[in-house]
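User: I'm new to this and I'd like a close look at one part of a protein, the cysteines and what they are bonded to. Could you walk me through it slowly?

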Amino acid sequence: MVRTYRIVIPLLAVWLLGWVFLSWPAIQDDALIHLRYADNLVRCHFITYDGVHRDYGASSLLYVALLASLREFSASANLARGVSSAVHVLLFTGLAWGFWSRGKNWGSIARLAALTLLVMIVLPGAVRWLDDGMETGIVAGFATVLAWLLHGESSRADGDGAKHSAIRFIAMVALGFFTVVLRTELSLLCAVGFLLLLVSMNAGRNGKGNLAAGAGSAHLLLGAFAAIGLIYATMHTLLPDTALAKSHGIAHWFNPIHDTAVTLGGAMSFGAGMLIFWLITLTLVLMRRGISLKLLLANCFFPVVLALAALRGQEIQGVRYFAWTFFFAIVWNILELGSSEAGDPRGRWLVYGFLVLLAIELPFEAIAMHRVLTHRGEMMREFEAERLSLLRNERGIASDIGYIGYFTGAKICDLAGLVNGREAARLSSLERAHACVETSPDFIFANVSQLAPLARMMDLSQWKVCGRYEFTNVTTPDTHYLVVRPKVAPAACSATAGSPESLESILPAAPVAR
């Protein structure tokens, strides 16, 4: 197995770098939202999308701060993509080194599971989500580091050997702090980490826990509380506006479960594949060690996050909301396999069977993801080539606001309710559409399904189409159009180097508002 590692890991590294190069400069629309927040943080010294009003439309305050700190070195729109790709490479390198250094004394099943995880994080589905300019890779990295550290502390506590130096305790407090500043929902990770250590310490003392033991396991929780206090003091709320806008506020089980199934399926190996592999690693640990409270806690994140989404009626729009739950549980389970006695050798056939499924699925995934990443890269180059900053002083309406908001720098009324403040986030979709129409916009950036209801609310009969942009998805194309008011058409169409088209070319028999 050691020889296999020496051969396979360099090949996986080359494969990963090849896909990163191939997909450059593909970037997620939301990444440019964070980049605009970062630019405004540098300029205004507070969290704002429009440069005037404070709002909390970024999913990660830590990521915005990181991008802002790097703006001194790069003004490129590809900065976010570069950061996410660097983090992806570091994640792969760190896991490869960790499994190599710790796995020398592991059995074959643990090594095989570790190698399978390394394979999965270099596949096209992983490149699609870890290199898209968002903080997904950083979140996965934090979850991985926490799984590694907590498993080590938990193992020492089981043997009644867990002792903390002051430096280590402070470092863990800091880790808990930055984890929650990275993403608020990761406070769940810190809370469960505390429970994991508390259970281990009580087990190591034969159930005779004490206050000192509890305090010794509360470092992550202390850091999390400090982060929550900071977020509330600066943003006056804990959940970002994005979470509020995408929540229906009532328990609804079918939609989140359906959305999750679609999301995981669309992410292929990085979605459904990670779910299946998590269940396989959990099964292997159960075959070796049986069920325990620690194992349940370490593997609770995906079902808990899904249940919380259902209770809030939360829309699930991307596998990045689940990626960290899989990374923590899978890494923990692999470490459990490595530290356990030899078990049922039949378990390795579960992993072999999964690898066969990945091999069968890989060509389809590569084709689909290559199309998505290639089209995104082309769209990014198209936006960079255009002079959309000519629209900076105009007002716009958009639902996917990342590209159009970043490259125009204009005031955007967001149909999704992400960046216009808490009050806009609380409105229904229809109420937001009416509110946006009342701003008297000069341009609209939307697809046909988003344009149609707006055409019933305002007179678009004389508006012109100045640009078409392909937001390609895994299964379907998603064409967005830049539609402008007649007085803005000359400047807008000059910026896009396009000829003005009638709105009827994309909305036949478009209704006229009365």
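User: Which cysteine does a disulfide join to Cys466?

Analyst: Happy to dig in. Keep in mind that this is a predicted model. The partner you're after is Cys493: a disulfide joins Cys466 to Cys493, with an S to S distance of 1.9 Å. A pair of cysteine sulfur atoms counts as a disulfide when they lie within 2.5 Å, so this pair makes the cut.

Now look at the bond itself. The torsion about the S-S bond of Cys466 and Cys493 is about -75 degrees, so this disulfide is left-handed. Next, check where the two ends sit. Cys466 belongs to strand β4 (residues 464-470), while Cys493 belongs to helix α23 (residues 489-496), so the bond ties together parts that are 27 residues apart in sequence. As for the surroundings, both Cys466 and Cys493 are buried.

Is that the whole story? A search of the whole structure turns up two disulfides, so let's visit the other one too. It joins Cys413 to Cys436, with an S to S distance of 2.1 Å. Here the torsion about the S-S bond of Cys413 and Cys436 is about -85 degrees, so this disulfide is left-handed. Cys413 is in strand β2 (residues 411-414) and Cys436 is in helix α21 (residues 429-437), so the pair ties together parts that are 23 residues apart in sequence.

How hidden are these two ends? Buried means under 20% relative accessible area. Cys413 has a relative accessible area of 15%, so Cys413 is buried. Cys436 has a relative accessible area of 1%, so Cys436 is buried as well.

Put the bonds side by side and you can read off how they're wired. Counting bonded cysteines along the chain, the disulfides follow the pattern 1-2, 3-4. What about cysteines without a bond? Cys190 is in no disulfide, and the nearest cysteine sulfur, that of Cys300, is 13 Å away. With 0% relative accessibility, Cys190 counts as buried. Cys300 is in no disulfide either, and its nearest cysteine sulfur, that of Cys190, is 13 Å away. Cys300 has 16% relative accessibility, so Cys300 counts as buried.

While you have the model open, try a couple of helix pairs. Two packed helices are described by the angle between their axes and the distance between the axes. Start with helix α14 (residues 272-289) and helix α17 (residues 320-339), which pack at an angle of about 30 degrees with their axes 9 Å apart. That makes α14 roughly parallel to α17, and their crossing is left-handed. Among the residues in the contact are Phe277, Trp278 and Leu282 of α14, along with Phe326, Phe327 and Ile330 of α17. The residues of this contact divide into 12 nonpolar, three polar and three charged.

Then turn to helix α3 (residues 61-70) and helix α4 (residues 79-102). Their axes come within 11 Å and cross at roughly 110 degrees, which makes α3 roughly perpendicular to α4. The crossing of α3 and α4 is right-handed. Tyr63, Leu66, Leu67 and Leu70 of α3 make the contact with Leu79, Ala80 and Val83 of α4. Sort the residues of that contact by type and you get seven nonpolar, no polar and no charged.

Conventions
Residues are numbered from 1 along each chain as its sequence is written. This is a predicted model: local features need pLDDT of at least 70, side-chain atom pairs count only at pLDDT 80 or more; totals for chains, interfaces and linings use all residues. Side-chain values use heavy atoms; hydrogens and water are left out. Axes are lines fitted to C-alpha atoms, for helices over the stretch in contact, and angles run from 0 to 180 degrees between N-to-C directions. Helices (H or I, at least four residues) and strands (E, at least two) are DSSP runs, numbered from the N terminus. Angles under 35 degrees count as roughly parallel, over 145 as roughly antiparallel, 65 to 115 as roughly perpendicular and the rest as oblique. A crossing is left-handed if the near helix is turned anticlockwise from the far one by less than a right angle, and right-handed if clockwise. Contact means heavy atoms within 4.5 Å. Ala, Val, Leu, Ile, Met, Phe, Trp, Tyr, Cys and Pro count as nonpolar, Asp, Glu, Lys and Arg as charged, and the others, Gly among them, as polar. Buried means under 20% relative accessible area, exposed over 50%, partly exposed in between (1.4 Å probe, protein chains only).
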